[in-house]
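Me: I am new to this structure and should be grateful for a close look at one part of it, namely the aromatic rings and what lies around them. Please give one connected account that I can follow with the model in view.

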Amino acid sequence: MQTKYDTILVLDFGGQYCHLIGRRIREHGVYSEIVPHDITAAESEALNEKINVKGLILSGGPSSVYEPNAPRIDPAVLELNLPVLGLCYGHQLIAQIVQGKVSRAACREYGIAEVKIDKSVGVLKGVSAAETVWMSHGDTVSALPADFEVLAHTESCPVAAYRNKQKPIYGLQWHPEVVHTKNGVLMLRNYIFEVCKCEANWKMEDIIEKMVKEIKADVGEAKAIIGLSGGIDSSVATALAAEALGDRLTAVFVDHGFMREGEPEAIREIFSKFNINFVMVSAQQRFMDKLRGVVEPERKRKVIGEEFIRVFEEAAEKSSAEYLLQGTIYPDRIESGFRKNSEVIKSHHNVAGLPSKMNFKKIVEPLRDLYKDEVRKVAVMLNLPREIVNRQPFPGPGLAVRIIGELTEEKVAITKKADAIVRQEIEKSCIAEKLWQYFAVLTDTKATGVKGDSRAYGYVVAVRAAESREAMTANYAQIPYAVLEKISTRITNEIPQVTRVVYDITHKPPATIEWE
Ligand code: XMP
């Protein structure tokens, strides 16, 4: 088993595609880590104890190199004798550091652009004389020192790509990681394999073995506990821990009452087959009591997150476990504090994790280096049931953030029914696999209707179906009208309190996927 992976470090300048760069590299069997942009040369070298750092990529970012507090790099990073590729902001930053000239572009280029390739070498080996690429920039590199050469230009951007003539330092003004750059994959492959000479030695099979070994080494002969939500991450972490620890593991499933119809029963059924201790805590009443009168979405999330922790603490105390396992994945880790200047849009209650003051010797996070789709591959390799592998992402606070305004038992029951209908109809119509999520939202608007021969005044249910790759952005899905009609008819017929069904046609951004 390979223990040290050839690795590309991605220096994060806050660009929205930063994670995409990491994913694209890993898709080629090469490991990649996102690191803060101000990692020092010494810190980068120290990483070689665990991984083989073979090259660096400087991501894009929202800043201008002219801003007084613009993020920079330790200039010694360029002297590490490692290949460096700057993308967009990274491209401009390298140019500025080596005393080239970066100017405000006369007109911003945003979207698809055509670049003329002046020299197809290195990162651009094998590309055509003209390439379609994805650009998004306000500044532009206008001149380079003599030891650099221009590899591509556009009408308004004289230095759209460059390289150093002696050292493997490259810059691309465009984003090869975005699908709209037609030959983006080829460009990244050129960098990974031709320039950095990486070996594709990051294999899923090895990773499973490594994670099980790590859990065994961390927990030793002691007992451990894991919070199991039934989502793919905690389910995969539980399956790995079951293999490592067997009945020294206790999985705790907290039913807060906002799970989807049939879900708690399905989770019990699946995990009771594992050779572990499975505890289901029915805490519906506790949660509902805490949420009386709570309307504001962030407050709702906080109340649920806190109560979840209390229930979990009580369960942990009973199991005399010394270790806590969590299904934290790579983007969670980055988004909860590792990334600088990132804004809190919503408090994800099961993302920030459980409080460190809980009395555990260690928190073990076997999936900490994996992306969601990699976790899904692991789930398939572990033979987890299809309903877990294909389960839609589901927020920790559950249906509570899909019920606008104050929660009541009646509203929860309506939402469960409506959600079940949306799921059934979409799954019947075979469009489910193209969708990231599909669900019902109970709005706090009421509307007039006519049911039978009488006037009715009832709730408005919104249906949301979104396509996405990583949930950072999403498109509302153009699902067939016939399916929407079936959903609407069933919801208004089968749920007496609902008079109207609407379809949410908002992308993310500006909307988020969940309503609260
Ligand atoms: P938004 O609504 O922010 O959601 O566009 C992005 C993705 O995250 C899921 N989500 C959550 N997942 N705990 C989670 O584990 C949470 O508190 C939470 N809130 C939203 C959401 O379903 C979507 O897939």
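Reply: A convenient place to begin is the ring of Y459, since K446 lies over its face, at 4.7 Å from the ring centre. The model is a predicted one, and every value below is computed from it. A second placement of this kind involves R402, which is found over the face of F439 at 3.7 Å from the ring centre.

The account now passes from charges over rings to rings paired with one another. A pair of aromatic rings is described by two quantities, the distance between the centres and the angle between the planes. There are nine aromatic pairs in the structure. In one of them, the ring centres of Y5 and W202 are 5.3 Å apart and the planes stand at 90°; because angles over 60 degrees count as edge-to-face, the pair is given that name. The two partners come from distant parts of the chain, 197 residues apart. Y5 belongs to the segment before strand 1 (6-12), while W202 belongs to the loop between helix 4 (184-195) and helix 5 (204-219).

Are these two residues buried or exposed? Buried means under 20% relative accessible area, so Y5, at 3%, counts as buried. W202 has a relative accessible area of 10% and is therefore buried as well.

W202 also pairs with Y31. Here the ring centres are 4.6 Å apart and the planes meet at 45°, so the pair is tilted. Y31 is in strand 2 (residues 31-36), and 171 residues separate it from W202, so that this pair, too, links distant parts of the chain. With a relative accessibility of 3%, Y31 counts as buried. Through these ring pairs, Y5, Y31 and W202 are linked into a cluster.

Y31 leads from the cluster to an open space. Rolling a probe the size of a water molecule over the atoms shows where empty space is left. The second largest pocket has a volume of about 510 Å³. It is lined by 24 residues, and those closest to its centre are Y31, E33, K50, R368 and D369. Strand 2, helix 5 and helix 10 (330-338) are the elements that give two or more residues to this lining.

Another residue that belongs in this picture is E374, which is placed in helix 11 (residues 372-381). What does E374 touch beyond its neighbours within four places in sequence? Its contacts are R23, R26, W202, M204 and D369. E374 thus touches W202, a member of the ring cluster, and also D369, one of the residues closest to the centre of the pocket. E374 is buried, because its relative accessible area is 2%.

Helix 5 deserves attention too, since W202 lies in the loop between helix 4 and helix 5, and helix 5 contributes to the pocket lining. Helix 5 has 16 residues and reaches 23 Å from its first C-alpha to its last, close to the 22 Å expected at 1.5 Å a residue. Its buried residues are M204, D206, I207, I208, M211, V212, I215 and V219. What covers them includes strand 10 (224-227), helix 6 (232-245), strand 13 (323-325), strand 14 (362-364) and helix 11. After helix 5 comes G220, with a positive phi near 60°.

A last group of elements is seen around helix 14 (residues 481-494). This helix has 14 residues and reaches 20 Å from its first C-alpha to its last, close to the 20 Å expected at 1.5 Å a residue. V483, L484, I487, R490, I491 and T492 are its buried residues. Their cover includes helix 13 (409-428), strand 15 (437-451), strand 16 (454-467) and strand 18 (498-503). One residue of strand 15 is V450, which counts as exposed at 64% relative accessibility. V450 and T499 are 49 residues apart in sequence and 7.7 Å apart in space, C-alpha to C-alpha.

To return to the request: among the rings, Y5, Y31 and W202 form a linked cluster, and Y31 is one of the residues closest to the centre of the second largest pocket.

Definitions and conventions. Residues numbered from 1 in each chain as written. Predicted model: local features only at pLDDT ≥ 70, side-chain atom pairs only at ≥ 80, totals over all residues. Heavy atoms only, no water. Helix = DSSP H or I, 4+ residues; strand = E, 2+ residues; numbered from the N terminus. Expected span 1.5 Å × (residues − 1). Buried < 20%, exposed > 50% of the residue type's maximum accessible area, 1.4 Å probe, protein only. Contact = heavy atoms within 4.5 Å. Phe/Tyr/Trp six-rings, centres within 6.5 Å; stacked < 30°, edge-to-face > 60°. Lys NZ or Arg CZ within 6 Å of the ring centre and 35° of its normal. 1 Å grid on protein atoms, 1.4 Å probe; cavity = no way out; pocket = protein on both sides within 12 Å on 5 of 7 lines; lining within 4 Å. Points joined across faces, edges and corners; volume = space filled by probe spheres on them.
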